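Subject: Handover of a structure

Dear colleague,

Please find the structure below, together with its sequence. The notes that follow it describe what was found, and I would ask you to read them with the model open.

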Amino acid sequence: MSPLSSDSLKLADIVEACAVATFLAGPDGQVLHANRAFGKLLGYLPTEILHLGIGQIVHPDDAKKAREQAVALAAGDIDSYNVERRYVRKDGSLVWVIVSALPLIDKRTGKLRCISVQAVDIDRQKRAEAALEESDKRWNLALEGAGQGVWDHDLRHRTAFYSRVWRQMRGIGLDEEIDASREAWLARVHPDDRKRLQDEFFTSKSAGYRRDSFEYRERHRDGHYIWILSRGRPMEWMPDGRVARIVGTDTDITSLREQEARAAEKTAEVYRQHLGALEKAQGAAEAAQELAQSLARHDALTGLPNRRVFAEALDKAVARANRGAGTYAVLSVDLDRFKPVNDIHGHAAGDTVLCEVASRLQGVVRESDTVARIGGDEFAVILEFGSSDDSTKAAADLAQRMIDRIREPIDGPEKRVVVGASIGIAICPTDGSDSETLLRAADMAMYRAKQDGRGGFCFFEQRMQIDLLAQAALEEDVRHAVANEEIQPYYQPLVKLDENRLAGFEVLARWRHPVRGNVPPDAFIPVAEKLGLIGQLTYSLLRRACLDARHWPEEMTIALNVSPTHFADPLLPVKFLAILSETDFPPTRLEVEITETALVSDLPMARAALRSLQGIGIKISLDDFGTGYSNLYHLRELQFDKIKIDRSFVTSMMNDPQRAKIVLSVLALAKSLGMTTIAEGVEHLQTMKELIQGGAEFGQGYYFGKAMPADAADKLVQEAARGAAPRSAA
Ligand code: C2E
Ligand code: CA
Ligand code: CA
């Protein structure tokens, strides 16, 4: 029964009828009467809730304040309050509410009857706010930690947020109001940068943002200017397509700019000294200045414009093309066989080649065209055509002339060398309406030209974009497959030939994609290598193979392929050791197969990796022998345990006596070096017999069995243990 008087009972009825969680409390905050909605909010039955005190309802952190407020209300010091606080449910969970409290005064006596309290559940809203705040905070912290100021412009409402670092950069106080209008911002920008910014940043048409990064000077509060690298990105758009919100970061690059200026000044100084004797100080300074400037804009070796200048020129060309003033072709020119020139003939020869190519390219184009060097052996060209020209034909003709000219021998410091060039062509505006897209298109076409056999040119086609997307999709799938261990170890039998006895298995990676179906390792291994995931994949295969094979008889080995790119990883031996001990698999039962490609790029490194693996007890096989460099020096020097004769020789032994001879002589050679041999690609009984005669010890191939899942390999092992020959079992 409620402790309220009969008069108050009417009050209780009103409270009960109220949809909002409501209760009546005594001056100490104790519940005198609560409605159903309040019971529901806190998970109590209406009867359970009577007499509960502040201590039971309000979160301990908020309880003191709640008590004070109840006392103040009861005493008439305040006439209401409205606060956010946490309530505690019967089950102990918390709920955020907005509490509004009013004192109810007895009209006759003027004394307090009770306090009426209403609580509105704002839990979901609070949580959402907290999550948002948390992610905003983290994001801002990360950027601010990196010294970047964060800004967030709401163009619709002309409001903005500026972070702490953003303000510090400009000497603006943390809680100072900032005028977020474009005019106010431009007023802070250096007068010399204002026009450029306006042109680059805002397009009058769409009031959107054309470029997403630029450098400019802005006035610091104390009057000096700072250089800012500003990067922004539209986040929300209005229904008419205009940008509504843009978020970005600012980096203070003043000291970087000053360094650049100092470097230029230093260069100027050096030239001032040298030329000082000859020219008047004034003239010398000017010349030096000019040189310093040209040094920053031109490639020091060839004197051609550099990437930056090229991008500027291309921007201008694109703008003209977009206005309908002419057509342009962008050529991406990449030298073929340049690396060997550098490696074999030395850098002086490489420099000569680059300078000669630069001047030959300039000789082919017209004055109005631009030739630039944009990377090591990469050049780029902008060709300009009149409206009556057949730009495709003209670009093709010029590209061919460039290729022909570059192909002519070049007299180096010591020797005459020959290089070639592959060229990709993009037409502006057909293939793109901004410089970045065009250059990328030309690059894509250049890669295609290289793929199609070097020394040719290729026009960009939309198809390449699609290929690129397909490649990206495959990469994404490989990433996913490696992360989720969807790529499985399969096992192909290795057979001791003269005894026709199962000796072990080669681990081969198998990937069955839900949509692509079976993807061959030749397709996904290179992708995993490119993505830097080959290590992760190899370790995962090794771990699973060790677990699968550990209960097989002791003499059964497993052979694992290790990619050349991965072999150079200094952590590899340690990682292998860790997996072997973790799976309790003896190193002596493991073989690693590597191809010669792993050795050529860094021989000392390869030697070290080999030695440390062998030091653990792992055996090393030289895979695909016959296809690579087949360097006898490597064979002896690196002391492989085994060599695997490539399947292309073995499969064709029966029909190609020449190939059979090669196999037999390799076998003889291996024997003389005291090395064990494995012949891969044994498909027929006849081949097996010839191999045994030639002295091959081990064989592998479809004749004995294809790669199979672990349970099938298990069965084969059990049958072998009962004395069955692999061939009859497979
Ligand atoms: P590989 O190391 O030379 O592996 C032997 C390949 O020959 C396997 O192709 C195997 O299925 C195939 N083969 C075996 N017996 C015969 C035969 O009698 N006739 C013919 N025509 N072929 C036979 P697979 O599995 O498609 O692997 C291709 C290549 O992919 C491997 O050549 C290896 O270089 C690479 N690869 C496969 N698994 C892995 C792996 O786990 N890691 C790395 N790094 N590379 C792998
Ligand atoms: Ca292999
Ligand atoms: Ca092989």
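I begin with the spacing of one metal site. Along the sequence, the donor residues of the calcium ion (ligand 2) follow the pattern E-x54-N-x31-E-x29-D. Please bear in mind throughout that this is a predicted model.

The first calcium site

Which atoms hold the calcium ion (ligand 2)? Its donors are Glu506 (OE), Asn561 (OD1), Glu593 (OE) and Asp623 (OD), and the distances run from 2.1 to 2.3 Å. Two of these donors come from distant parts of the chain: Glu506 belongs to strand E19 (residues 501-513) and Glu593 to strand E22 (residues 590-594), with their positions 87 residues apart in the numbering. Is Glu506 buried or exposed? Glu506 has a relative accessible area of 4%, so it is buried. Glu593 also counts as buried, because its relative accessibility is 2%. The cut-off behind both statements is that buried means under 20% relative accessible area.

The second calcium site

The calcium ion (ligand 3) is coordinated by Asp623 (OD), by Asp624 (OD) and twice by Glu680 (OE), at 2.1 to 2.5 Å. In sequence, the spacing of these donor residues reads D-D-x55-E. Asp623 is located in strand E23, whereas Glu680 is in the loop between strand E25 (676-679) and helix H27 (685-694); the pair therefore ties together parts that are 57 residues apart in sequence. With a relative accessible area of 6%, Asp623 is buried. Glu680 counts as buried too, at 6% relative accessibility.

How far apart are the calcium ion (ligand 3) and the calcium ion (ligand 2)? The distance is 3.9 Å, and Asp623 coordinates both ions. When you look at the two sites, Asp623 is therefore a useful place to start, because it is a buried residue and it is a donor to each ion.

Ligand 1 and its surroundings

Ligand 1 is surrounded by 21 residues, and the closest of them are Gln492, Arg510, Arg647, Glu683 and Tyr702. Several polar atoms of the protein can be picked out around this ligand. A polar backbone atom of Tyr702 is 2.8 Å from an oxygen atom of ligand 1. In the side chain of Asp624, a polar atom lies 3.2 Å from an oxygen atom of the ligand. The side chain of Glu506 has an N or O atom 3.3 Å from an oxygen atom of ligand 1. Two of these residues have already appeared above: Glu506 is a donor to the calcium ion (ligand 2), and Asp624 is a donor to the calcium ion (ligand 3).

How much of ligand 1 does the protein cover? On its own the ligand has 790 Å² of accessible area, and the protein covers 86% of this. The space that ligand 1 takes is the second largest pocket. The elements giving two or more residues to the shell around the ligand are E19, helix H18 (521-530), strand E23 (619-625) and helix H25 (647-651). Strand E19 provides the largest share of that shell, with four residues.

Backbone details elsewhere

Where is there a cis peptide bond? One joins Cys428 and Pro429, with omega at about 10 degrees. Pro429 is found in the loop between strand E16 (420-428) and helix H16 (435-451).

Two arginines have a positive phi although neither is a glycine. For Arg158, phi is near 55 degrees. Arg158 sits in the loop between strand E6 (148-154) and strand E7 (159-162), and it is exposed because its relative accessible area is 53%. For Arg337, phi is about 60 degrees. This residue is placed in the loop between strand E11 (327-336) and helix H13 (338-345), and at 41% relative accessibility Arg337 counts as partly exposed.

Two further positions

Ala721 is part of helix H28 (residues 710-721), and at 64% relative accessibility it counts as exposed. Its C-alpha atom is 8.2 Å from that of Pro553, although the two residues are 168 residues apart along the chain. Val120 belongs to strand E5 (residues 112-121) and is partly exposed, with a relative accessible area of 43%. The C-alpha atoms of Val120 and Val95 are separated by 10.0 Å, and these residues are 25 apart along the chain.

Yours sincerely

Methods. Residues are numbered from 1 along each chain as its sequence is written. Chains are lettered from A and ligands numbered from 1 in the order in which they are written. This is a predicted model: local features need pLDDT of at least 70, side-chain atom pairs count only at pLDDT 80 or more; totals for chains, interfaces and linings use all residues. Side-chain values use heavy atoms; hydrogens and water are left out. Donors are N, O and S atoms within 2.8 Å of the metal (3.2 Å for Na, K and Ca); water is not among the atoms, so sites may look incomplete. Buried means under 20% relative accessible area, exposed over 50%, partly exposed in between (1.4 Å probe, protein chains only). A residue is near a molecule or strand if one of its heavy atoms lies within 4 Å of it. A polar contact is a pair of N or O atoms within 3.5 Å; within protein, one must be able to donate a hydrogen and the other to accept it, and residues adjacent in sequence count only if both atoms are side-chain atoms. Accessible areas come from the Shrake-Rupley method with a 1.4 Å probe; for residues, only the protein chains shown count as cover. On a 1 Å grid over the protein atoms alone, a cavity is a set of points where a 1.4 Å probe fits but cannot get out, and a pocket is an open set with protein on both sides within 12 Å along at least five of seven lines; lining residues have an atom within 4 Å of a point. A molecule sits in a cavity or pocket if more than half of its atoms lie within 2 Å of its grid points.
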